[in-house]
Every structure is written in C-alpha cells, then in structure tokens.
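Welcome! Here is a short briefing to help you find your way around a structure you have not met before.

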Amino acid sequence: MRTNQPQTIYLNEYQVPAYLVDHVDLRFELFEDGARVHSTMTVRKNPESSQADAPLELNGDSLKLESVTLDGSQLAGDAYEEQGDKLVVHTVPAQFELNVVTWIEPQNNTRLEGLYKSSGMFCTQCEAEGFRCITYYPDRPDVMAVFRTRVEADKADYPILLSNGNPIEQGELEGGRHFVTWEDPFPKPAYLFALVAGDLVEKKDTFTTCSGRSIDLRMYVEPRNSAKCDFAMDALKRSMRWDEEVYGREYDLDIFMIVAVDDFNMGAMENKGLNIFNSSCVLASQETATDASFQRIEAIVAHEYFHNWSGNRVTCRDWFQLSLKEGFTVFRDAQFSADMGSPTVKRIEDATLLRTAQFAEDAGPMAHPVRPASYMEISNFYTLTIYEKGAEVVRMIHNLLGDELFRKGSDLYFERHDGQAVTTDDFVRAMEDASGRDLSQFRLWYEQAGTPVVTVSDEYDKQSGVYRLNIRQSIPDTPGQSGKKPQHIPFALGLLDQTGQPLPLNLTADEQNGPEERVLELTDAEHSFEFYGLSDRPVPSLLRNFSAPVRVQYPWTREQLLFLMSHDPDGFNRWDAGQRLAVDVIQSLMEASGDAEIDSRLVEAYRSLLNDTSLDQALVAKMLLLPSEAYLVELADQADVPAIHEARERVLTHLATSLREELVACYRRSLAQGDYQLTPDAIAHRSLRNTALAWLLHIKDVEGLAFALDQYQTADNMTDRLGALRALVNSDFVDEREKTLADFYDQFRDDPQVVEMWFSVQAASHQAGQLPQIKALLQHSAFDWKNPNKVRSVIGAFAGQNLAGFHKADGSGYQFLADQVCRLDDSNPQIAARLISPLTRWKKYAPQYGQQMKAALEHVRNKNELSRDVYEVVLKSLA
Ligand code: ARG
Ligand code: ZN
C-alpha cells in the first residue's frame, strides 16, 4: 500500500516551460563513496510562457543539495526551498546564472536511473527522467541546452572518461586523478545526457560520410569482451550508410561512441554521440551469439543510431509524444533490417510480436493510445504500443503516400523541426504538407487505443461475374475510451483464381486490366467493394503483408487456407494462412473430446513444406513454427493454458510422428549446407535444422537424440549449440539434458550473455522449468538480483514464455511472481513493473486461474512503500 498517492499527469495540461536553459556546464568529481556534481546553468525566462513571475522550479530525486549560487552569490536559506522532488528558487531575474552543487551515491544506485555503477564502471541512463537523479534541473524534453561536461576521476581505475560531443580538453590532477572535458554543440534535452568512466578497451574504426567528412567510430567495452565488437561496429557502419541513402541523413559530430554495460534496464540508449548499450544488445561472436541475437543487435545498433535524427536533432516536446521518436525509429530500423536480410521474414517477425503481445496489451488494463493522454510513471509507457504499434502507424503513412512522397515528408519534417522539440501532430502535418494528402482521420490512430477488428464477408455472382467484399471495422472499448470513430485503414488485397493465378482487380465494369493488388482505404464503419469480370469465385488474399495493425475476421475454410499456403504470391499471407490453419486445428482439438483426430491435411501441408526444396527456405523455416502458446492465449476468450498447452503439444507430437522421415531428411540436408555464414539463407538452414531437431526430440526419437548430442559437441556457432541444448532441455531425455546443461555452463560460465541464455533456456521450458527448478536457478551462483538481464532470463522467461509452468491450478506460479516483484520493487522499480505484466491480464484467463492471478496482484498492492511504477500498473490492473 502506498501512503502518498502518485499524481496523474495529463497531456491537455501541457504548458511551455517558464524558464529555458541555454547552456549547462557540468563538473563531475567521481569517488568510490559518491560523486559531487557541480552544475552551472545559463537560464532565462521563456518569452513564450505566460507565467510571468513564476518561481524557478527544478526537478530532483535522491539528491543531497550542497549549495545554490545565483549570479555568483550563495543563496540564503530562505531564498530557495527543497520541496520533495523539487528545488524551488522563489525570485529570480529575467536572465541569470545558477550554480547548484549536489552529492549523489552512484555506488548505491540500484534503480539504474541517473548515474550508477555497473561492474566497476560509472555510467548513466537518463531517459526518461534520470537526469534529475544527478542534479537539480528542468528535466523535461522541451528544455534544450548546450552541454559542456568535465569528468574527473582516479586515473588508474578510470582511464576512460566519456561524455557527449567532442573532447576539448584533458589533463592530470593531483592525487593520481585526471579529467576530460567534453562539449556537445547541439542543444539537447537532459534525457540525452550521458557519462561513462571506466577501465575499458577502445575499438577504433572510421566512417566517411556522403559529404566526405571522416567520423571516428569508437566502441568501449570491458577487456574480456574485446573479441565481441566486430559485428556491432560493422552494423553501425551499415546503418550510417543506409540512413544517408534512404533518408538523406548524415551524421553530425566528429565522433560516434558505443559503450557496453552489463547492468541496464532496457536494450540501449541513444545519448547524443555516446550510445550506451545493454551488453546483450551489442556484444556478439560466432561462438557466443545466436542468429537471433545477431539480428537483434543489428536492429538495435541501427535503431539507436537512427535516433540521432529521429529523436535527437528533432526531439519530443513532452513524454506523451514518445512515439514520435520511438515509432518512427522502429519503423526506420525495420526498413533497415528488411533491406539487410529477408523482408518477408522480418515482416513475419514483426507481425508476430504485434499480434501476440501488442494486441494483448491493447486488450488489457494498460491499453493506451500511441499518443497517451495521461500517465503516472512515464517509464511504464515504453510499451509495445508506443514502439511497435507506433511503427505500424508510420508504416501506414508510408504505404498511403508511397516511397517518394514519404521521403519528401520526412525531409520536410527534419528540415522544418531541426533543433526543436515537437509533437506527433507536427510529424503528421509535415507528411500532409509534403504530399498534399489529408490525414485528419488518420490521426485517430494516435488518439484511440484498441485494436480495430476488420470483418470481411463476400458474395460471388456467377452470372454477372461480380465478386463483392463487405468490410466492416469496429474498435473495442478500452479503459477510459468507448464509442470510437472509424479509423483510416489501408487494406491491401489480391484475388486468386482456382489455379492460384492472380486476377486483375477491376473496380468497374469497364476496367479490364486492373492491378493484381490494391490497397483499399477503409474510412467508414462499413464498405463494400465490387470486383468485375471474374468467371469463377476467387480466393481472397486479405491484408497482404499485414498492411495495417488490425485483426481480420473472415470465415476461411481449411481448403482456402491450404490453397493460400501454397499459392499466395504474398509471402506474408502464405505464412499467415499456415498459422490460421494450425490455430484452427489446435482450437478444434480443444473443443473436441480427448482423442479427436488431427486433420491429415495439416500433416500433408507440412510434408510439402519439408519436401519442396524449391521453396524459399527462410519462409519455410518460419512456416514450420506452430503458433505459440502466447498467441493461442491471445486468441482465446477465457484462456485455459493447460488445455492450450496440451492441444498444441498433441499437434506437435502428431506432426513429428507422421513426418519423422521428412524431418530426418531435412535435418541431414540442412547439415550439408557448408561453412558458417550469416546470410539469410544460412540462417534459414540453421533454423530448419533446429526445428527438425526439436520435433524429433519431442517424440523421443533416438536418432534425433544422436543428432542433438553430436550437434551440441561439434557446433562451430551458438545457434547450433544452443539449438541442440534447447531441444534436449525441452525433451524428456532427462539424463542427457542434465549432462549437457552442466557441460554448457562449465564451458561458458565466464560469459554473462551466454549464461543468460543458459538460464532462459531452462526457465522457458515446461520440462526443465517447473517452479522448484526456477527457485533453484534463483539460488545459482551466477544469478544476480541486481542485474536486470539475469532477472529477466529467469523470472521473465518463466512467467512470459513458460506458460504451462507458470499457470498452475494451485496458483503457485502467480504467488511466486508476486513475491519476486515485491522484492525487486525495493531495488529496481522499473524492472519490477515490467515483470508483473503477465499478471495484469488476469481477466483474459478462465476464472479458476484469473481469480488467483488477481489475488496475487492484490498481494502486491498491499506491500508497504510500493514504487510509483508498480503502483500504477497494479492500480490499473485491478480497476
Ligand atoms: N530511448 C531508448 C530506445 O532506444 C529506450 C530508453 C528507455 N528508458 C526507459 N526509462 N524506459 O528505445
Ligand atoms: Zn528508441
């Protein structure tokens, strides 16, 4: 229970800042028992503010104030006041210099916000509101200042001293200390400030920009990670080139730095010129990183780099606008990844994440618009809705405008708003102005929460050759929002004839050679579209390439799905048809009696996927994966996890048993693909091989076991080694599983990123990850409560991926999670608030589960001194 209730902050109460800061001069004295921060700000009244004689208010959190000086004179005690999380200076002139000295304790900072220590080094995380944990400051993104930062520390322990911008001075100090001064010429909000001090190795490279400027590229990592930097450095150079070519964006400073830190709440942070990464999102080598990690690293390196324009040069006016930079930047990194690898596979991965997790968020108690209207704790709004749905919204604008006009729009946006802190509305306006299109209805995507449901029905008239599609849209109510207006939905589709050939889409009787694909623009609650000149009933291919983040309902027959699986020219929809078919088969098993038969057509469809080597193997690798339990939960009304788990396992067993020979052949074929490479094709073969392995072990196949043990021993890369381990862990070859797990740990115990995989492979497995085993993992010497990656890899993987282990009829999984959240809330509220999320969806589950989930939430609510982060989530979930 919280005693003082946190305030809700509303978008419609936004006011421009009363004071602006033009320049900040920071001096950090770093010591083992704390740090002294000297800040000198050049402040002036904001001419645009109506608050004429407002006192100066600065944000602060966990600071020890040592002195306040205004224009050179120390302020008397009654001239200012520390009010909880604010420093208020009562009367100030129109323009002045304010000096504030604070003392902070980075070594005791377990929240990992502001300045903290991670394996011996000093580092920062200031987004969204971490800078106020460093010094008193107007900590809001619409206050942009030029920063100069002098860092002082012991030279032997902290030879590397970094901050934003360019180094301008360095030197020796007394007592074995030294300093470096950095200056960042680009005005920026405090959330983009960064500082690093440590004993790090430096990796050097250079990049020549399109205008011929040479940029120094630097990576700083702990010495033991020295061999894990090449991939990220390369990805950085690819990103820099890509942003020039695709968006015309050139890098602006003379140096760009990346630092890896082990303890980090999120993936990475785009601080100006000094990106700080979670080690697991940047360090990689063939022996220690899986294909999935390589792809993730490439995407995150690109994402943070792209923020230099979409986020830093043009930033957010306030935190309600977070998706302005995150949605746009995720869209940009997705385009980049698509260009670097397989576009279809990338689209499938993004749509899977969206449909599984973002749709669930949109249907749950924390549902919020892409531009939220209120929040209590902004950290809780770094969500899939802001990031992924926000990216989908930008993608739809891209699809509506087309490549060229979209580029014109982004050019206009960057030119018009360079150096400014702006809103999502400014972004949309730039797109409108550049294209001449009216996006006023489209703006509802930013304002209305909830996933639109698009219901399609069709009629065919043989006589006239007219095929009619009736399309309705509706948007479900979400907390605080009901009676929503129809949105502007780009709906891509095609029609196929009975042989699988695409048909021309003629929208009038006169049209003859219409295009084979159209993007229908849905703007009303109901539309009907007629297609002319069709001599047979066509098969519709709907929402191609997932052209909008919506749920499509259409009464597909299994014949149609099988047909689309093998004929749709749209790769995404081929995959989607396979998913829908598998979902249908699994769901009908759940409804039928225990030994109901499994549709043999599913087996045959998978058989052709496995046999037809002429197919795009990257797509086949994706198509072979059954829909996840989490997705099946999302599709259910009152999810019964054990029933879902059992039905899905039965289908898997049936497929693996029926296709055993094909799986063995597929496994052997994929092994013969030659040396290790990181190409889409080679990645596809590793994925196929590991799926085949998993399926064979699922049915306890002894030949499969031999494959797995051999692959584990001889693998020259982590994808194969971990693939074999995972297959063993998920099997009931208990002895081999335990032996291999022990061997793996012995081999990689000194590599935190690999140990994290080792934890999560077990925690996510319904075989090796039952509650007693999870509790044992928490006792393991490599587990560390202070390290978010470790917490996520055990507790997060258990509650988020091991649904059968977590959702037990006795509620033990829920109570366990509630206890861990309470424990973490005291040290790291951001992590605690994220970890609790599986419980928040309690209404989604069958009552015997849901009620116990709710009880676990209530248990958390009753804890003493709940953080604002967890309080907000629990309050909204129980509302
Ligand atoms: N802006 C960072 C990114 O690239 C994420 C920062 C998250 N910070 C937080 N407090 N949740 O997406
Ligand atoms: Zn971002």
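In this predicted model, Ala153 stands opposite His178, a residue of β15. That pair belongs to the place where β12 and strand β15 (residues 177-188) run side by side in the antiparallel sense, over nine bridges. From here we can walk through the sheet, then on to the ligand, the domains and the overall build.

**Strand β12 and its partners**

- Strand β12 covers residues 145-154, and eight of its 10 residues are buried, so β12 is largely enclosed by the rest of the structure.
- Strand β2 (residues 19-31) is joined to β12 by seven bridges, and these two strands run parallel.
- Val24 has Phe147 in β12 as its bridge partner.
- The pairing with β15, by contrast, is antiparallel and has nine bridges.

**The whole sheet**

- What is the order of the strands in this open sheet? Its eight strands follow one another as β6-β5-β9-β3-β2-β12-β15-β14, and the pairing is mixed.
- The edge strands are β6 and β14 (166-173), each of which pairs on one side only.
- At the β14 edge, seven bridges tie β14 to β15 in an antiparallel arrangement, and Glu169 stands opposite Thr181 in β15.
- Toward the other edge, strand β5 (residues 64-70) pairs with strand β9 (residues 95-104) over six bridges in the antiparallel sense. Leu65 has Thr102 in β9 as its bridge partner.
- β5 is also joined to strand β6 (residues 73-74), by two bridges and again antiparallel. Here Thr69 is matched with Gln74 of β6 as its bridge partner.
- The hairpin of β5 and β6 has two residues between the strands, and in it Asp71 takes a positive phi near 45°.
- As general background, strands of a sheet pair through backbone hydrogen bonds, either parallel or antiparallel.

**Around ligand 1**

- Which residues are found around ligand 1? They are Glu127, Ala128, Met266, Ala268, Met269, Glu270, His303, Glu304, Glu326, Ser379 and Tyr382.
- The elements that give two or more residues to this shell are β20 (268-269) and α2 (291-306).
- By class, the shell around ligand 1 has five nonpolar, two polar and four charged residues.
- Why does ligand 1 lie between domain 1 and domain 2? Domain 1 (24-279) and domain 2 (314-446) both give residues to its shell, so the ligand is placed between them.

**Domains, and where domain 3 touches domain 4**

- The domain assignment of the protein gives four entries: domain 1 (24-279), domain 2 (314-446), domain 3 (453-547) and domain 4 (554-699).
- Taken over C-alpha atoms, the centres of domain 3 and domain 4 are separated by 28 Å.
- On the domain 3 side, 11 residues are in contact with 10 residues of domain 4.
- β27 (489-496) and β30 (539-542) are the elements that give two or more residues to the side of domain 3 that touches domain 4. β30 gives the most, with three residues.
- This side of domain 3 is made up of six nonpolar, four polar and one charged residues.

**A closer look at Glu521**

- Glu521 lies in strand β28 (residues 518-522).
- Is Glu521 buried, exposed or partly exposed? Glu521 has 13 C-beta neighbours inside 10 Å, so it counts as partly exposed.
- Glu521 is in contact with His488 and Pro490, once its neighbours within four places in sequence are left aside.
- Leu400 is 121 residues away from Glu521 in sequence, yet their C-alpha atoms are 8.7 Å apart in space.

**The protein as a whole**

- The secondary structure comes to 27 helices and 31 strands.
- Of the 879 residues of the protein, 51% count as buried.
- The C-alpha atoms fill a box of roughly 90 × 70 × 60 Å, taken along the principal axes.
- A compact globule with 879 residues would have a radius of gyration near 29 Å, and the protein has 28 Å, which agrees.
- Among contacts between residues at least 6 apart in sequence, 70% join residues at least 24 apart.

Methods
Residues numbered from 1 in each chain as written. Chains lettered and ligands numbered in written order. Predicted model: local features only at pLDDT ≥ 70, side-chain atom pairs only at ≥ 80, totals over all residues. Near = placed C-beta within 6 Å. Helix = DSSP H or I, 4+ residues; strand = E, 2+ residues; numbered from the N terminus. Nonpolar A, V, L, I, M, F, W, Y, C, P; charged D, E, K, R; others polar. Domains from an automatic or database assignment. Buried ≥ 20, exposed ≤ 12 C-beta atoms within 10 Å, placed from the backbone. Pairing = 2+ DSSP bridges. Contact = placed C-beta atoms within 7 Å. Rg over C-alpha atoms; globule rule 2.2 N^0.38 Å.
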